[in-house]
Structures are given as C-alpha cells and as structure tokens.
Amino acid sequence: MTKPLDGIRVIEWAAFHNGPAAGYMLGDLGAEVIKIEEPIKGDPSRGMTQMFGESMVLDGGRLVGFEFANRNKKSITVNLKSEAGRQIIYKLIEKADIFYTNYYRDGILHELKMDYETLSKYNPKLIYAINSGYGLEGPVNNERAFDTIGQARSGLMWSVGDRDQNEPYQTVSAPCDQVGATMLAYSLLAALVARERQGIGQEIEVSLLGSAIHMQGIGMNMNLLRHRSYSRHSRQRARNPMANHYRCADNKWIMLAEPQSDRFWGQFCRIMGLEHMEEDPRFATALNRRENFVECNDAVSKAFATRSRDEWLPYFKDKGAEFAHSPIYDYSDVAEDPQALANDYITKYDHPALGTVKMVGMPAKFSKTPIGIQCEAPELGQHTEEVLLDLLDMSWEEIANLKEQGDIG
C-alpha cells in the first residue's frame, strides 16, 4: 500500500536533533529523505556517545540519538566547500520537493551558496526551510542554541518543579528539540499543501525558541491575557484534591486529574473509604475543599498510602471509577505499557544490526495510507554511490573522479 508522502523527495542538511528529527517523521510518512553529511565526520551527533551523563552507545557502536533522529534516511557525503560538491546538491534540488537545514549561523548559507535565493533558481517550486535556534531576527539570532537553551529562555524551566523550591528545573528528555522538529515537519507539510493548491514554492523559518513557547501556549497566554503566570504545582497546596498526585504504599504514584470534582467527589470518597468526608461540611463542595485544602489533602494522602499502586488501579476498575486517573510512569514503565504498545506509540521493528528493537513510533494512524518506520539510520555516506548512480545518472568513472578530488566521501 502507498504511504501519505510516497513520491516526495526531501534533502536534509542538518545536525543534532532539532532539525534531523523532522526527517524521520517525514520518512515515517513515506517520503524519501536524503541526508547530506560532511565527509569523514558527518553529523556531529554521530559522535555523541554521552548525553546528560549517560552512555548513548548501542551494540556495534551505533548511538541512540542518531539512530532515532535519522531512521528512514539515505546518507550521502558531499564536500559543500567545493564547487563540484555544490553542483551535486543543485542537481538533487532540481529533483527534490523539500530542502531544510539548521545550519544558518554566521552567514554560512550564503557563504556556501545554499541559501533560498540560490537553490530556488534550480527549482522555483522548492520548499526551503530553516530551523533556527532563536528565530532569524532579534538581538541573539546568531547565537548557539540547543534544547536546554530552549527550556531556559521559553519559561519552561520555571513552569515545572515544586512551588516551594526556588530554583529552575531542567528535563533531560530534550522536549524543545523534539517539538521544534515536529513544528518543522508540520510547516513543511502545510507548504506542500500550498504548493499543490497554488503552485508555489516558498521559504519557511521555524525556531527552537518559538516552538518551545508554542508548546506552552496555555501557560503563556495566561500570562499574556491575565498578566500573571500560573503558580508552579505543589502537592501540599493543591486546592482540588482530585487534581493532584499521591504516593501509594509501594512508593509508586497515582495521578488524579478531575476538573469536575463535585461531580465525582461522592464516588471518590466511597471508593477510597472516605465516606465520612462526603457530607462533611468542610469538604462537601469544591469551594469547601478549596478552603480546607490542608486537611483534605492530608486525609486523601493517608488513604492512598494504605495500598500499593498495583492494588489501587484494578480496585478502581472493579468499582467502576469514572474520575480521571492514571499511574505515573517512568520511561521503563511506558516501554511496557499495553496502551502505548497497542497503538504503536511504542513500536517494534527489525533492525539489521540490533535485531528486533522498540522505538518511539508516530502518534497517528492512517486508514488507507499506513505509516511507520521504513529502515534504520544510515551509516555515514552509505548511499552516496547509489544516489549519484540512480538519481543523477552519473557513471562510475565520474564518481571515482569526485572521490579523488575530495568532492564526495
């Protein structure tokens, strides 16, 4: 069966995660993604053996970060500092639909003649995108930026953590990189629709900072429209006991997230063995519970501590609990979660070097054009000869000459 982006060819010149991850998403949708890399070194993430103090090395020397962000791609090694190397890219651009990069600092795009004005001459309908750190305008537009910079400047580090801890909190899961790549893929898909309907190519710019702010739209708009921010969450200060998280007897946690607390308060009290609180005037309504939150939170916390999480969850189901609740999982739990596995949010595929592995899948399904992982991340320059032979109709003699001159790897 065909896939949504069958026949779409993407040229990627990008490094680390914020740019390249868009390519794996497009590849999951069926696009042909050709990754341009520098000979010898390639994408710097090929050398990231450590991240946040943890080893990233898999069997055979493959690396977690590169493997995830670069699945579904072909790798070609081209020297963009040589005219012959750039001519290879220009010929590919003539046959491409999309080009994107996150190499934008210090005027490198114009210096290497990889800017939109140059490439669009070879393909006027080309969709050209830059995924920058801060946006292309403004006082720090040319400074280096990575995921944690996005966390810092977007306000994310002050929106997480406990209210009583007067310090910012950093997450090590690179959410800003991932959402930046997702917004890049989203924008490229929108540009494909515009080209289909209007017959135009265009230049697109997405940024790490802008995507990180977008990800926090509700919190940011609270500040923008009410001129004050949400307070960080505090378990001890939660005014709604049905919108809080609780420690169970086994030191595992359960999350309650019920905004309609009056609707479910009676059922909750009966299931938790807190029947006496249902009609207690201190706790009878959401307003009462808000006014007496200390005593209310204390009683609910003690109730949760009487059973393990693995006892509470089936008990809730057996009692027909309708209020919103969930176990609080770590990544190892998520990897085995039957709900995530059933929907391919965590998916399996056969890797030629690693065997059958699990990897984060695409959180979408298509009924008539199925999507999914096409292949593993490529070795450096693995497809150089294939692309030059099959796509650009070069001869073996021409390829040998390019290698000899250092124009390709």
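Mentor: Welcome! Helices (H or I, at least four residues) and strands (E, at least two) are DSSP runs, numbered from the N terminus. The model is predicted, so local features need pLDDT of at least 70 and side-chain atom pairs count only at pLDDT 80 or more, while totals for chains, interfaces and linings use all residues. Residues are numbered from 1 along each chain as its sequence is written, and side-chain values use heavy atoms, with hydrogens and water left out.

Trainee: How many helices and strands does the chain have?

Mentor: Both kinds of element occur in the chain. The count is 19 helices and 13 strands.

Trainee: What share of the residues is buried?

Mentor: Buried means under 20% relative accessible area (1.4 Å probe, protein chains only). Of the 409 residues in the chain, the buried share is 45%.

Trainee: Which element gives the most to the largest nonpolar core?

Mentor: A nonpolar core is a set of buried Ala, Val, Leu, Ile, Met, Phe, Trp, Tyr and Cys residues joined through side-chain atoms within 4.5 Å. The largest one has 33 residues, and Leu188 is among those with the most contacts inside it. Elements giving two or more residues include helix H1 (20–28), strand E6 (98–101) and helix H8 (175–198). With eight residues, the top contributor is H8.

Trainee: Which residues does Leu188 touch?

Mentor: Contact means heavy atoms within 4.5 Å. Leaving out residues up to four places away in sequence, Leu188 touches Leu26, Ile98, Tyr100, Ile127, Ala129 and Ile204.

Trainee: How many residues are in the second, separate core?

Mentor: Trp13, Leu80, Leu92 and Leu119 are included in this second core. Its size is 31 residues.

Technical notes. Buried < 20%, exposed > 50% of the residue type's maximum accessible area, 1.4 Å probe, protein only.
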